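Biologist: Before I rely on any label given to a pair or an interface, I would like to see how each one was earned. Could we go through them one by one?

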2 protein chains.
Amino acid sequence: MSNQELPLSVAAPGCVATRQLRPPMTGETAVELAAVFKALADPVRLRLLSAIASRADGEACVCDLSTGIDVSQPTISHHLRVLREAGLLTSERRASWVYYRVVPHALTRLAEVLATEAGTVVSA
Amino acid sequence: MSNQELPLSVAAPGCVATRQLRPPMTGETAVELAAVFKALADPVRLRLLSAIASRADGEACVCDLSTGIDVSQPTISHHLRVLREAGLLTSERRASWVYYRVVPHALTRLAEVLATEAGTVVSA
(Lines give C-alpha, C1' and ligand atoms only; values in the text may rest on other atoms or scores of the structure.)
Protein backbone atom coordinates (compact mmCIF):
# COMPACT_ATOMS: atom_id res chain seq x y z
CA MET A 1 0.00 0.00 0.00
CA SER A 2 1.56 3.32 -1.02
CA ASN A 3 1.36 6.49 1.07
CA GLN A 4 -1.32 7.85 -1.21
CA GLU A 5 -3.58 4.88 -0.45
CA LEU A 6 -3.27 4.99 3.34
CA PRO A 7 -6.47 5.73 5.23
CA LEU A 8 -5.59 9.17 6.59
CA SER A 9 -7.30 8.78 9.95
CA VAL A 10 -4.43 6.44 10.83
CA ALA A 11 -1.15 8.24 11.61
CA ALA A 12 0.88 7.95 8.42
CA PRO A 13 4.67 7.59 8.37
CA GLY A 14 6.38 10.96 8.17
CA CYS A 15 3.13 12.87 8.52
CA VAL A 16 3.62 16.11 10.44
CA ALA A 17 0.32 17.14 12.00
CA THR A 18 0.02 20.89 12.65
CA ARG A 19 -1.60 22.28 15.79
CA GLN A 20 -5.30 23.09 15.56
CA LEU A 21 -6.17 26.65 16.64
CA ARG A 22 -9.95 26.19 16.63
CA PRO A 23 -12.50 23.52 15.69
CA PRO A 24 -13.02 23.38 11.91
CA MET A 25 -16.44 23.81 10.31
CA THR A 26 -18.91 21.00 11.15
CA GLY A 27 -20.40 18.79 8.45
CA GLU A 28 -23.86 20.22 9.09
CA THR A 29 -22.72 23.82 8.66
CA ALA A 30 -20.74 22.86 5.55
CA VAL A 31 -23.82 21.33 3.89
CA GLU A 32 -25.88 24.42 4.68
CA LEU A 33 -23.24 26.92 3.50
CA ALA A 34 -22.35 24.94 0.35
CA ALA A 35 -25.97 25.28 -0.81
CA VAL A 36 -25.76 29.08 -0.47
CA PHE A 37 -22.39 29.26 -2.20
CA LYS A 38 -23.89 27.15 -5.02
CA ALA A 39 -26.52 29.83 -5.50
CA LEU A 40 -23.71 32.38 -5.84
CA ALA A 41 -21.71 30.18 -8.24
CA ASP A 42 -23.24 31.66 -11.39
CA PRO A 43 -22.26 34.93 -13.07
CA VAL A 44 -25.83 35.92 -13.96
CA ARG A 45 -27.03 35.32 -10.40
CA LEU A 46 -24.13 37.34 -8.98
CA ARG A 47 -24.96 40.22 -11.32
CA LEU A 48 -28.66 40.09 -10.46
CA LEU A 49 -27.89 40.03 -6.74
CA SER A 50 -25.51 42.94 -7.12
CA ALA A 51 -27.99 44.86 -9.29
CA ILE A 52 -30.60 44.54 -6.53
CA ALA A 53 -28.14 45.29 -3.69
CA SER A 54 -26.86 48.39 -5.47
CA ARG A 55 -30.32 50.00 -5.58
CA ALA A 56 -31.72 52.35 -2.94
CA ASP A 57 -33.20 50.28 -0.10
CA GLY A 58 -31.68 47.12 -1.67
CA GLU A 59 -34.83 46.61 -3.71
CA ALA A 60 -35.49 46.31 -7.43
CA CYS A 61 -38.44 45.49 -9.67
CA VAL A 62 -37.97 42.46 -11.89
CA CYS A 63 -39.02 44.80 -14.72
CA ASP A 64 -35.90 46.90 -14.08
CA LEU A 65 -33.27 44.20 -13.62
CA SER A 66 -32.06 43.13 -17.03
CA THR A 67 -30.07 46.22 -18.02
CA GLY A 68 -26.79 44.98 -19.44
CA ILE A 69 -27.59 41.34 -18.63
CA ASP A 70 -28.24 39.66 -21.95
CA VAL A 71 -30.48 36.77 -20.92
CA SER A 72 -34.20 36.11 -21.40
CA GLN A 73 -36.89 37.01 -18.89
CA PRO A 74 -37.59 33.35 -18.03
CA THR A 75 -33.87 32.82 -17.37
CA ILE A 76 -33.78 35.89 -15.11
CA SER A 77 -36.84 34.60 -13.27
CA HIS A 78 -35.19 31.20 -12.82
CA HIS A 79 -32.01 32.73 -11.36
CA LEU A 80 -34.00 35.01 -9.05
CA ARG A 81 -35.90 31.97 -7.78
CA VAL A 82 -32.62 30.13 -7.04
CA LEU A 83 -31.34 33.15 -5.08
CA ARG A 84 -34.62 33.40 -3.19
CA GLU A 85 -34.66 29.68 -2.35
CA ALA A 86 -31.11 30.02 -1.01
CA GLY A 87 -32.29 32.73 1.37
CA LEU A 88 -30.36 35.53 -0.34
CA LEU A 89 -33.42 37.39 -1.68
CA THR A 90 -37.01 37.96 -0.68
CA SER A 91 -39.75 38.87 -3.13
CA GLU A 92 -43.04 40.73 -3.00
CA ARG A 93 -45.66 41.19 -5.72
CA ARG A 94 -47.08 44.71 -6.13
CA ALA A 95 -49.61 45.27 -8.92
CA SER A 96 -48.20 43.70 -12.12
CA TRP A 97 -44.61 43.25 -10.96
CA VAL A 98 -42.51 41.34 -8.47
CA TYR A 99 -40.00 43.31 -6.39
CA TYR A 100 -36.86 41.68 -5.00
CA ARG A 101 -34.83 42.63 -1.93
CA VAL A 102 -31.51 41.27 -0.73
CA VAL A 103 -31.29 39.64 2.71
CA PRO A 104 -28.31 41.49 4.26
CA HIS A 105 -27.77 39.10 7.18
CA ALA A 106 -27.50 36.13 4.79
CA LEU A 107 -24.67 37.87 2.90
CA THR A 108 -23.09 39.10 6.13
CA ARG A 109 -23.05 35.58 7.54
CA LEU A 110 -21.16 34.26 4.51
CA ALA A 111 -18.75 37.21 4.68
CA GLU A 112 -18.08 36.47 8.36
CA VAL A 113 -17.43 32.79 7.69
CA LEU A 114 -14.92 33.64 4.95
CA ALA A 115 -13.26 36.35 7.04
CA THR A 116 -12.93 33.90 9.92
CA GLU A 117 -11.23 31.33 7.71
CA ALA A 118 -8.91 34.01 6.34
CA GLY A 119 -8.47 35.89 9.62
CA THR A 120 -7.41 32.94 11.67
CA VAL A 121 -4.47 32.62 9.36
CA VAL A 122 -3.62 36.30 9.31
CA SER A 123 -3.60 36.48 13.11
CA ALA A 124 -1.83 33.15 13.69
CA MET B 1 -47.56 40.11 -25.26
CA SER B 2 -47.92 39.85 -21.49
CA ASN B 3 -45.81 41.80 -18.98
CA GLN B 4 -43.73 38.70 -18.32
CA GLU B 5 -42.70 38.51 -21.97
CA LEU B 6 -41.67 42.16 -22.38
CA PRO B 7 -38.00 42.72 -23.12
CA LEU B 8 -36.95 44.36 -19.87
CA SER B 9 -34.53 46.85 -21.34
CA VAL B 10 -37.61 48.67 -22.62
CA ALA B 11 -39.46 50.63 -19.93
CA ALA B 12 -42.41 48.43 -18.97
CA PRO B 13 -45.83 49.78 -18.02
CA GLY B 14 -46.12 50.29 -14.27
CA CYS B 15 -42.47 49.45 -13.66
CA VAL B 16 -41.03 51.50 -10.78
CA ALA B 17 -37.27 51.75 -11.18
CA THR B 18 -35.40 52.32 -7.92
CA ARG B 19 -32.43 54.68 -7.67
CA GLN B 20 -29.00 53.13 -8.14
CA LEU B 21 -26.57 53.88 -5.28
CA ARG B 22 -23.46 52.46 -6.96
CA PRO B 23 -22.56 50.59 -10.16
CA PRO B 24 -23.42 46.88 -9.87
CA MET B 25 -20.84 44.14 -10.36
CA THR B 26 -19.46 43.93 -13.90
CA GLY B 27 -19.90 40.83 -16.04
CA GLU B 28 -16.17 40.18 -15.99
CA THR B 29 -15.97 40.29 -12.19
CA ALA B 30 -19.08 38.10 -11.93
CA VAL B 31 -17.54 35.39 -14.12
CA GLU B 32 -14.35 35.45 -12.07
CA LEU B 33 -16.10 35.37 -8.67
CA ALA B 34 -18.66 32.74 -9.72
CA ALA B 35 -15.78 30.33 -10.42
CA VAL B 36 -14.44 30.80 -6.90
CA PHE B 37 -17.89 30.45 -5.32
CA LYS B 38 -18.31 27.24 -7.33
CA ALA B 39 -15.18 25.87 -5.65
CA LEU B 40 -16.80 26.66 -2.28
CA ALA B 41 -20.15 25.13 -3.28
CA ASP B 42 -19.33 21.67 -1.93
CA PRO B 43 -19.53 20.54 1.70
CA VAL B 44 -16.37 18.42 1.57
CA ARG B 45 -14.38 21.28 0.04
CA LEU B 46 -15.65 23.71 2.68
CA ARG B 47 -14.65 21.31 5.44
CA LEU B 48 -11.20 20.73 3.94
CA LEU B 49 -10.64 24.48 3.55
CA SER B 50 -11.76 25.07 7.13
CA ALA B 51 -9.63 22.19 8.41
CA ILE B 52 -6.56 23.78 6.81
CA ALA B 53 -7.46 27.34 7.87
CA SER B 54 -8.00 26.24 11.47
CA ARG B 55 -4.45 24.90 11.84
CA ALA B 56 -1.50 26.89 13.11
CA ASP B 57 -0.03 28.94 10.25
CA GLY B 58 -3.03 27.96 8.09
CA GLU B 59 -1.18 24.88 6.87
CA ALA B 60 -1.96 21.17 6.96
CA CYS B 61 -0.46 17.99 5.55
CA VAL B 62 -2.74 16.03 3.24
CA CYS B 63 -1.94 13.06 5.49
CA ASP B 64 -3.62 14.85 8.41
CA LEU B 65 -6.75 16.18 6.70
CA SER B 66 -9.34 13.46 6.66
CA THR B 67 -10.26 13.33 10.36
CA GLY B 68 -14.04 13.18 10.53
CA ILE B 69 -14.41 13.57 6.75
CA ASP B 70 -15.60 10.21 5.49
CA VAL B 71 -14.38 10.25 1.89
CA SER B 72 -11.57 8.41 0.12
CA GLN B 73 -8.07 9.79 -0.33
CA PRO B 74 -8.51 10.22 -4.13
CA THR B 75 -11.71 12.20 -3.45
CA ILE B 76 -9.91 14.42 -0.94
CA SER B 77 -7.10 14.95 -3.45
CA HIS B 78 -9.64 15.91 -6.13
CA HIS B 79 -11.33 18.47 -3.88
CA LEU B 80 -8.00 19.94 -2.79
CA ARG B 81 -7.04 20.33 -6.44
CA VAL B 82 -10.32 22.19 -7.17
CA LEU B 83 -9.65 24.56 -4.25
CA ARG B 84 -6.08 25.10 -5.42
CA GLU B 85 -7.13 25.78 -9.02
CA ALA B 86 -9.64 28.36 -7.72
CA GLY B 87 -6.81 30.19 -5.98
CA LEU B 88 -8.02 29.40 -2.47
CA LEU B 89 -5.14 27.07 -1.55
CA THR B 90 -1.47 26.67 -2.36
CA SER B 91 0.42 23.40 -2.06
CA GLU B 92 4.00 22.36 -1.45
CA ARG B 93 5.54 18.89 -1.47
CA ARG B 94 7.92 18.04 1.37
CA ALA B 95 9.37 14.53 1.50
CA SER B 96 6.49 12.06 0.98
CA TRP B 97 3.61 14.44 1.61
CA VAL B 98 1.93 17.50 0.15
CA TYR B 99 1.17 20.41 2.50
CA TYR B 100 -1.67 22.82 1.80
CA ARG B 101 -2.05 26.44 2.89
CA VAL B 102 -5.03 28.75 2.56
CA VAL B 103 -4.67 31.99 0.56
CA PRO B 104 -6.03 34.56 3.03
CA HIS B 105 -6.41 37.42 0.55
CA ALA B 106 -8.54 35.23 -1.75
CA LEU B 107 -10.99 34.56 1.11
CA THR B 108 -10.83 38.17 2.27
CA ARG B 109 -11.68 39.41 -1.19
CA LEU B 110 -14.84 37.26 -1.32
CA ALA B 111 -15.78 38.38 2.20
CA GLU B 112 -15.39 42.02 1.17
CA VAL B 113 -17.54 41.56 -1.93
CA LEU B 114 -20.33 39.95 0.12
CA ALA B 115 -20.07 42.58 2.86
CA THR B 116 -20.28 45.32 0.25
CA GLU B 117 -23.44 43.84 -1.23
CA ALA B 118 -24.93 43.50 2.26
CA GLY B 119 -23.50 46.75 3.64
CA THR B 120 -24.84 48.99 0.91
CA VAL B 121 -28.26 47.90 1.96
CA VAL B 122 -27.62 48.27 5.67
CA SER B 123 -26.32 51.81 5.24
CA ALA B 124 -28.87 52.92 2.64
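Biologist: What makes Arg22(B) and Glu117(B) a salt bridge?

Modeller: The term asks for a side-chain nitrogen of Lys or Arg within 4 Å of a carboxyl oxygen of Asp or Glu, and the closest N and O atoms of Arg22(B) and Glu117(B) are 2.4 Å apart, so the pair meets the rule. Arg22(B) lies in the segment before H1 of chain B and Glu117(B) in helix H4 (residues 104–123) of that chain, so the salt bridge ties together parts that are 95 residues apart in sequence. Helices here are DSSP runs of H or I with at least four residues and strands are runs of E with at least two, numbered from the N terminus. Both Arg22(B) and Glu117(B) are buried, a word that stands for under 20% relative accessible area, with exposed meaning over 50% and partly exposed what lies in between (1.4 Å probe, protein chains only).

Biologist: On what model do these values rest, and how are residues, chains and ligands labelled?

Modeller: This is a predicted model, in which local features need pLDDT of at least 70 and side-chain atom pairs count only at pLDDT 80 or more, while totals for chains, interfaces and linings use all residues. Residues are numbered from 1 along each chain as its sequence is written, chains are lettered from A and ligands numbered from 1 in the order in which they are written, and side-chain values use heavy atoms, with hydrogens and water left out.

Biologist: How do you know that Arg109(A) and Glu32(A) form a salt bridge, and why is Glu32(A) called partly exposed?

Modeller: The closest N and O atoms of Arg109(A) and Glu32(A) are 2.5 Å apart, which satisfies the same rule. Because Arg109(A) sits in helix H4 of chain A and Glu32(A) in helix H1 of chain A, the pair connects parts that are 77 residues apart in sequence. Glu32(A) has 41% relative accessibility, so it falls in the partly exposed range, and Arg109(A), at 35%, is partly exposed as well.

Biologist: Why is Glu59(B) called buried, and what is the class of its salt-bridge partner Arg101(B)?

Modeller: The closest N and O atoms of Glu59(B) and Arg101(B) are 3.0 Å apart, and the pair links distant parts of the chain, with Glu59(B) in strand E1 and Arg101(B) in strand E3 (residues 97–102) of chain B, 42 residues apart. Glu59(B) has 10% relative accessibility and therefore counts as buried, whereas Arg101(B), with 33%, is partly exposed. In chain A, salt bridges that share partners join Glu59(A), Glu92(A), Arg94(A) and Arg101(A) into one network. Over all chains there are 12 salt bridges.

Biologist: What makes Cys15(A) and Cys63(B) a disulfide?

Modeller: A disulfide is a pair of cysteine sulfur atoms within 2.5 Å; the sulfurs of Cys15(A) and Cys63(B) are 2.1 Å apart, so the pair qualifies. The link is right-handed, with 85 degrees about the S-S bond. Cys15(A) lies in the segment before helix H1 (27–40) of chain A and Cys63(B) in the loop between strand E1 (59–61) and helix H3 (73–85) of chain B, so this disulfide joins two chains. Cys15(A), at 22% relative accessibility, is partly exposed, while Cys63(B), at 2%, is buried.

Biologist: How do you know that Cys61(A) and Cys63(A) form a disulfide?

Modeller: Their sulfur atoms are 2.3 Å apart, so they too meet the rule, and the angle about the S-S bond is 125 degrees, again a right-handed link. Cys61(A) is buried with a relative accessible area of 0%. Cys63(A) also forms a disulfide with Cys15(B), the sulfurs being 2.0 Å apart. The structure holds four disulfides over all chains.

Biologist: How many residues make the contact between chain A and chain B, and what area is buried there?

Modeller: Contact means heavy atoms within 4.5 Å, and it takes 65 residues from chain A and 65 from chain B. The buried area, which is the accessible area (1.4 Å probe) that two parts lose on being put together, summed over both, is about 5,500 Å², and carbon and sulfur atoms give 65% of that. The count of salt bridges between chain A and chain B is zero.
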